[in-house]
Amino acid sequence: MASSAAAAAAAASAPTRTEVLALFRSLLRTARRFSDYNIREYAKRRTIDAFRHNQNLSDLSSVSTAYCDGMSQLKIAQRQALVYQLYAPNIKNVMEIKTAPRNH
Amino acid sequence: MASKLLASNFRQTLTRIATSCQLRPLSTAAATAEAPPPEPYQDPNGISMKGVKILGRPLYLDMQATSPVDPRVLDAMLPFYMSRYGNPHSRTHMYGWESDQAVETARSQVASLVGASPKEIVFTSGATESNNISVKGVMHFYKEKKRHVITTQTEHKCVLDSCRHLQQEGFEITYLPVGSDGLVDLEKLRSAIRPDTGLVSIMAVNNEIGVIQPMEEIGRICKEFNVPFHTDAAQALGKIPIDVGKWNVSLMSLSGHKIYGPKGVGALYMRRRPRIRVEPQMNGGGQERGIRSGTVPTPLVVGMGAACELAKREMEYDEKRITALQERLLNGIKAKLDGVVINGSIERRYAGNLNLSFAYVEGESLLMGLKEVAVSSGSACTSASLEPSYVLRALGVDEDMAHTSIRFGIGRFTTEAEIDRAVELTVQQVEKLREMSPLYEMVKEGINIKDIQWSQH
């Protein structure tokens, strides 16, 4: 609760370019920490697509809304990346096994 | 013999546990009393389960059976598994109040995705329960005057089974046939309605073939004859836009685990104006306005609410992606294989469901061969039987083609690489099976298989 209030207060004034880029990088970094192949790929893809979708936002309030939303997504991703790591299965997804020989 | 097998199995498991030295969560003395279920055998090169050796966890293309829980949904649920454990019906303390608040928020999240009022949403254990309440509950409530139900041959098992139950009680059921595209004929529906028809139940998106029924037109016909209209929208929720006003549905069944939410929770939409009434299946504490007694599972309901809100926000994005992936899958397979048929209408279908039949290939062999791809021949409920799907038979698909169907389910978390791998493996497997097939050889030589007179066995 407190963190989201702080985020809202920070976003009241439009975020600077550095702040936006920092958010983008943090989201991607957190995405890479997901142990699940599909979730990891989704988190990366969704981050990139969302920033691309919003790159031409010029209206001050919509920029800060988008930034605020991104911050809350980052918080969720950070928590869930940890949860996923705690319960990661021993066996990887076949998509992550690249060098393994495939016999058919 | 059986006991010997069990004993040897048990011994093997024991040694495995001893050698792998894995910590078993909260193991108790009870575990030694009965043999634990055989653990999947794990070695560094992969996993062996049910006699199948797989290199890793298969890529998941069975989104119609169930979908993975979205991490954002899990994030909303977890607090209600920890400190916020109150019973939402407790009115005397803060634990109850906060749970109740969360349930009501979830209710409005579900309602807003389907264009309903939160007061019209009842939480249930899933779409099967919602379907049962709708079909049996409505007919039981209005049994004095209404004795007839209309449904289709391609409904989900739980609707068909509820109808069969009603039949045994003396109700009459009309099972409408569908065209070869899987769509219901509106004229046939119109002529099937009788003065004593109490319910029309037609599913929005088919679970096996993914065709979307003309909901608005069906709703209009039902309104014209003043017959309540129930739809099973478990496969439609969050995937196609739903508006209960436009569809004119009186009842609608929804499910949580098809939209990246938790399993074990669903919802039932019940129209208030004009009011539809049902006889409850479960009697008890009068929760959910007496329609579904039993404590509402706060964490699950919160998860379903979060999944609905996400679906509303992500529908457009997901739709675009899933359509592109479906095209990629279809083009990839069609470019390399002949004799591939799409089951059900191509124009009126949800893109995330691609049901294909591969000619001259035996379906079960194909599924067994595709062990690195988690797909199904049809619905999960009937995946244990070797019978061809009743849905495909209702479409008039030939027995041999119905036997070779595979349903590819694409979802929010499916990647391009997965689609490419699925195409590669499917093509490889189909070619391999066709190479072995004498039928395919004959077709290549120009013999029409349908003309062959098979000798009796």
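When I speak of the area a chain exposes, I mean accessible area, which comes from the Shrake-Rupley method with a 1.4 Å probe. With that in mind, please look at the structure above, which is a predicted model, and let us begin with chain B.

Chain B exposes about 21,700 Å², and carbon and sulfur atoms supply 54% of that area. Its secondary structure comes to 15 helices and 15 strands, and of its 457 residues 54% are buried. If we take the contacts in chain B with a separation of 6 or more, 71% of them are accounted for by residues 24 or more positions apart.

Chain A, which has 104 residues, counts 32% of them as buried. It has four helices and zero strands, so that, read along the sequence, its pattern is α-α-α-α. Chain A exposes about 6,600 Å², with carbon and sulfur atoms supplying 57% of it. Among its contacts between residues at least 6 apart in sequence, 77% join residues at least 24 apart.

Now let us turn to the place where the two chains meet. The size of an interface is often given as the accessible area lost when the parts come together. Here the area buried between chain B and chain A is about 2,700 Å², and carbon and sulfur atoms give 55% of it. Which three residues supply more than any others of the area that chain B buries against chain A? They are B:Arg57, B:Asp75 and B:Tyr317, which together supply 22% of that area. The contact as a whole takes 31 residues from chain B and 27 residues from chain A.

Next comes the empty space. Rolling a probe the size of a water molecule over the atoms shows where such space is left. The largest pocket has a volume of about 1,500 Å³, and both chains take part in its lining: helix H3 (37-53) and helix H4 (60-86) of chain A each give two or more residues, as do strand E2 (46-49), strand E3 (52-54), helix H11 (363-369) and strand E14 (373-374) of chain B. The pocket is lined by 46 residues, and those that lie nearest its centre are B:Gly56, B:Arg57, B:Pro58, B:Tyr60 and B:Ala374. You will recall B:Arg57 from the contact with chain A. By kind, the lining divides into 26 nonpolar, 10 polar and 10 charged residues.

There are also closed spaces, for a search of the whole structure finds five cavities of 30 Å³ or more. About 90 Å³ of space lies in the second largest cavity, whose lining includes B:Leu237, B:Ile259, B:Tyr260, B:Met315 and B:Arg412. The lining of this cavity divides into seven nonpolar, one polar and four charged residues.

Let me finish with a single residue, B:Gly305, which has its place in helix H10 (residues 298-336) of chain B. Is B:Gly305 buried or exposed? Buried means under 20% relative accessible area, and B:Gly305 counts as buried because its relative accessibility is 0%. Leaving aside its neighbours within four places in sequence, B:Gly305 is in contact with B:Ala106, B:Gln109 and B:Val110. B:Ser112, for its part, is 193 residues from B:Gly305 in sequence, and yet the two are 9.9 Å apart in space, C-alpha to C-alpha.

Definitions and conventions
Residues are numbered from 1 along each chain as its sequence is written. Chains are lettered from A and ligands numbered from 1 in the order in which they are written. This is a predicted model: local features need pLDDT of at least 70, side-chain atom pairs count only at pLDDT 80 or more; totals for chains, interfaces and linings use all residues. Side-chain values use heavy atoms; hydrogens and water are left out. Buried means under 20% relative accessible area, exposed over 50%, partly exposed in between (1.4 Å probe, protein chains only). Contact means heavy atoms within 4.5 Å. On a 1 Å grid over the protein atoms alone, a cavity is a set of points where a 1.4 Å probe fits but cannot get out, and a pocket is an open set with protein on both sides within 12 Å along at least five of seven lines; lining residues have an atom within 4 Å of a point. Grid points are joined across faces, edges and corners, and a volume is the space filled by probe spheres set on the points. Ala, Val, Leu, Ile, Met, Phe, Trp, Tyr, Cys and Pro count as nonpolar, Asp, Glu, Lys and Arg as charged, and the others, Gly among them, as polar. Buried area is the accessible area (1.4 Å probe) that two parts lose on being put together, summed over both.
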